[in-house]
Structure formats: C-alpha cells, structure tokens
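Work through two short exercises on this protein chain. Keep the sequence and the 3D view open as you go.

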Amino acid sequence: MKIKSHLLGLLTLAAVAACNPAAKEGKQISQLTDSITVHLRPQFHFTPRKFWTNDPNGLLYHDGEFHLFFQHNPFDKVWGHMHWGHAVSRDLLHWEELPIAIAEDTAMIFSGSAVVDKNNTAGFGENAFVAFYTAHRILDPKNPDVYLQTQHMAYSTDKGRTWTKYDKNPVIDLGKKDFRDPKVFWHEESKKWIMAVNLPNEHKTQFYGSANLKNWELLSEFGPEGNVAIPWECPDLFSLPVENEPGKQKWVLLISAEGPYPGFQGMQYFIGEFDGKRFKNDNPANKPLYLDYGRDYFAAVTFNHIPNDRRVLLGWISNWAYANQVPTHPWRNGMAIPRMLYLRKEPEGYRLLQQPVEMVNDMAKSSTRHLNIELQRAGELVVGNQDKGGDLYDIEGTFEFANDAVFGFKIFKSDTEETVIRYDAARRMLYLDRSKSGDVSFSPKFTVLDSVAIDTNGENLKLRVLFDRNTVEVFAQDGRYTISNVVFPSEKSRGVVAFGEKGKGLAKLVTSSFRDLKPEIKK
Ligand code: FRU
C-alpha cells in the first residue's frame, strides 16, 4: 500500500456517498441488512453507539470529566462527512456519548485538539474550551482531490456541550492542500500556547506560538526524520519525567505515519529537547522508534490538563488498510485502552513505556492466580472457558523459560478459532497471531502475524494481555513493548488458556493473575 495518502481513496468513497440521496437525508446507506454484532462490542473501550469513527480528537480533562471528541461520520459506517463526535467519562473506561460537538459545514471537520483557556487568553471566557481542527474543504465538487486544508478554531463555554465556530476562521491558512491535525498545548516555560501541526507530504511538523490562541507565529519546523515512507499525520508534543533519572525531563514527539510494518500505518516517536521554539531529536535522523508493534494502533495523542504530570495516551484501534471493511454493526472502529506513558533511560537511549490506566484494576469481577505451573506438564492451563464467558479479561503472567521454549496465551479459543500470543525463546520474538482468530475474510491485509523482538537478557518474560471482545492489547516487560490488534471471533470462541508447546523447552508460569472483567452491558 504505497499510498500518497489514504485520504484520496477515502475522498473518492465520500464523493460517491455524498451523491446518494439517502446520505443527504442523513440516513445510513451501507450495510442496511447487517445484523447487530453484540458479541464483538467492546465493553470498556470507547466505540460510538453507531456508525463510523477514526481518530480521537480534542482530548482533555476538566472538572472531573475526561472529554473524548472523535472523528465521526454520523450518517454511515464508512469514512466521510467528518464531524467531531463527543463522549465524556469519569474513569476513562465508561463513556457517555453526547450529541455531535462540531458539525461539518462547507468543510469537513478533521482531526485536532482542545485546551481549557483558564486565564481567558482568547477572550471567550474564563475556562472556555477552545478546539483546533483542520477544515478540509473540497474546492472542485467534481474532483474530491482538489481541496484545501486550513486550521480553524471553535469554542465552548458550557464544558464542551455546545460549540461556536470562531467567526474569523481560519486561524492559519498556508494555501496548502495538505496541512493538518493541530495539537495545541500550554508551554509553561515560555508562557505561551504552542501548536504542533503537520505538513504530511513533506514529512514535517511545524511549531507555532501564540499568546491569545488566535494569532499564530511560525516558530520552527521539524523533519523529515525517522520513517518518511508515507504521510505524517496527528503530531503530539509533550514532556515527561524520566523514571530512572530523578529530576530529568525529556520531550516526546509522536507522529502517526508508517509503523513497523512496511506499507501499513502505525506510530513512531522521537525523543529530544524542546526549548519553546524548536524540537531537536536526540537520535540519528534515520533511526525511527516505533510506539506499538500491532497493526491496529494509530492517531494516538495525549490528554491536555491531566494534573500531576500524568500523560494519558489514547489511540484508534484499527488500520486504514481495512478500517472501512471490519465486520461490526451498527458501529465501526473504536479506541484502544487509555494508557499511562512513562519514559525510561536504557543503554540505547530513552524509551517509552505504556501501561493501561490504573482504573482498569478496579474492573475485576473475579480473579484467579496460579503459581509455579510447568506448562508442558499441565498441557494447557485452562483459565476461562465458554461457560465462564472469557471475552473480557486482564491477564498477567511471569514466565521462566528454557532457551528453546515456546509458550504464551491463547484467547478467544474454540475448536476452530484462537488468537495466540506466543513467545519463541530461541528466536527471542513475541508474536500475536490472528490468522485463526475468527472472521478474517473481509480483507486480504488482515491475516497477518505481528511480532516484536524481545531479548529478556536472562530475565523472566512478563506479559499482560487485556482483551475486550474484539480488542487485544499486549503489554510485555512492563509495557516496554506493546502489540495492539482487533479480532473478530465468533460468539462461541471464548476459551482462555496458558500454554507451553510440547516437545520444546520448559516454560514455567511463575506467577499469574487472570482477572475476569465486569461487562458494562453495552449493546
Ligand atoms: C488520520 C487522518 C487525519 C485527518 C483525519 C480525517 O487518520 O487522516 O490526518 O485529519 O484522519 O478523518
């Protein structure tokens, strides 16, 4: 998929959809006859009630509420007519979907961010929410590839419930076709607002500064560096304390672009310094760092205004390679688990670690533990089965293993289906194999084996796997490596086992915890 931009294909799709009278009346035009796939509906991951979503937008915390705005087509299950949908949560796990926040006008409302203007720097009121999004305007109705992208602003004085578009939009117009996904945040050291925004095809992030959120001055550009195989989208820039260097802070720049799998979108990050004007990468320009080794982690950005230096990241759990085809109804696509971010100094440099937010720990309905199980002798250690309904779990295992052991977990298991999380000690590779995970028929790009190299240096392997009906998120070695995927198992495939392959070296499950999570009863 050497695409110039996935947008072009999508725009053609949207143009076809827009010509359909049903779409104009706001009616659903695709998959009218699909039946509801309740058993695939994530319970503690956000999905819209119905229809399409892609990127999370405008993430912020204010007054006890986490706000999630999201790229949304309120008329259909395919990309198009982009609006900002809205949901709020008090724990990042249970989301209440609210009415549309920012609606399409002569332009589609593309991705962006939002801040709380505590000191009324923009003049919309104290604590006004101010959102920044890319207005995507098609200039030639006959050709969706002729378009302009500019940065716009909207504000809300009722905690995000209703929004007014700024009457002097755009706030930045470079006259450029591709220029998108503004991330705005407050930079305390220079006491100004900073916007990171991408020139996707040039593989650049531009940084702008502003005192009042309305007038923006270009400060610098970063890139091209790292992986530049496909366009750069959805930047985010923030600082983080370094866990094992007390007092030290580093800056992290996230970019959604090509991930670790050639031709597939994913996420990369840069670690370095930001002086209020310029971002400087610590690593060689040609050395990309990848955030996640699954196919389905994209457009992740962090929340603004969470107190106490806590950085929570939220990503879209899907891939543009098949996002428009995944077999769920009446919604399509959703978000990954919100993750706490940490930074650690390692011999090769600073690296990001991710952990599910700790609120997940309060979700257990029941929990079992097993100690010192020699997996080959036990065969498969059955943890959850169909009767127990093993579709929502948070499982953790610490494995001691011989040099040629092959072991791990199988989830969503039945006689015919399984999703396998497997460590191959001889290869020092962790795999997520979804080739037999259920429905894989909707796209030839879907049946893939994801993997990440993990050398435990003689230590045990620690795996945590969080799964929620159609999402699987693996956190290895305390979140130093993650693999995020979606799967579409049939309703009967709900077995959960730990396994050690027979005929291979010994693998011992030294400690483990299997936490069966409470469904939220979301249909
Ligand atoms: C990334 C992206 C953004 C754009 C939005 C449109 O997935 O292409 O660059 O703003 O989706 O929906």
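Strands here are DSSP runs of E, at least two residues long, numbered from the N terminus. The model is predicted.

**Exercise 1. Describe the largest pocket and say which strands help to line it.**

Solution.

Step 1. Start with the space. The largest pocket holds about 810 Å³.

Step 2. Find its centre. The lining has 29 residues, and the closest to the centre are Trp186, His187, Glu188, His305 and Arg311.

Step 3. Assign the strands. E1 (51-62), E5 (108-117), E9 (180-187), E13 (233-241) and E14 (249-258) each supply at least two lining residues. E13 gives the most, with 4 residues.

Step 4. Sort the lining by chemistry. It divides into 12 nonpolar, 9 polar and 8 charged residues.

**Exercise 2. Work out the strand order of the open sheet of 4 strands, and explain why one side of E18 and of E22 is left without a neighbour in the sheet.**

Solution.

Step 1. Write the order. The strands run E18-E19-E21-E22, and their pairing is antiparallel.

Step 2. Look at the edges. Strand E18 (298-302) and strand E22 (349-356) each have a single partner strand, so one side of each has no neighbour in the sheet.

Step 3. Add the twist. From one strand to the next, the twist averages 40 degrees.

Step 4. Check one pair. Strand E21 (residues 339-346) pairs with E22 in the antiparallel sense over 8 bridges. Glu346 has Gly349, in E22, as its bridge partner.

Definitions and conventions. Residues numbered from 1 in each chain as written. Predicted model: local features only at pLDDT ≥ 70, side-chain atom pairs only at ≥ 80, totals over all residues. Heavy atoms only, no water. Pairing = 2+ DSSP bridges. Axes fitted to C-alpha atoms, helices over the stretch in contact; angles between N-to-C directions. 1 Å grid on protein atoms, 1.4 Å probe; cavity = no way out; pocket = protein on both sides within 12 Å on 5 of 7 lines; lining within 4 Å. Points joined across faces, edges and corners; volume = space filled by probe spheres on them. Nonpolar A, V, L, I, M, F, W, Y, C, P; charged D, E, K, R; others polar.
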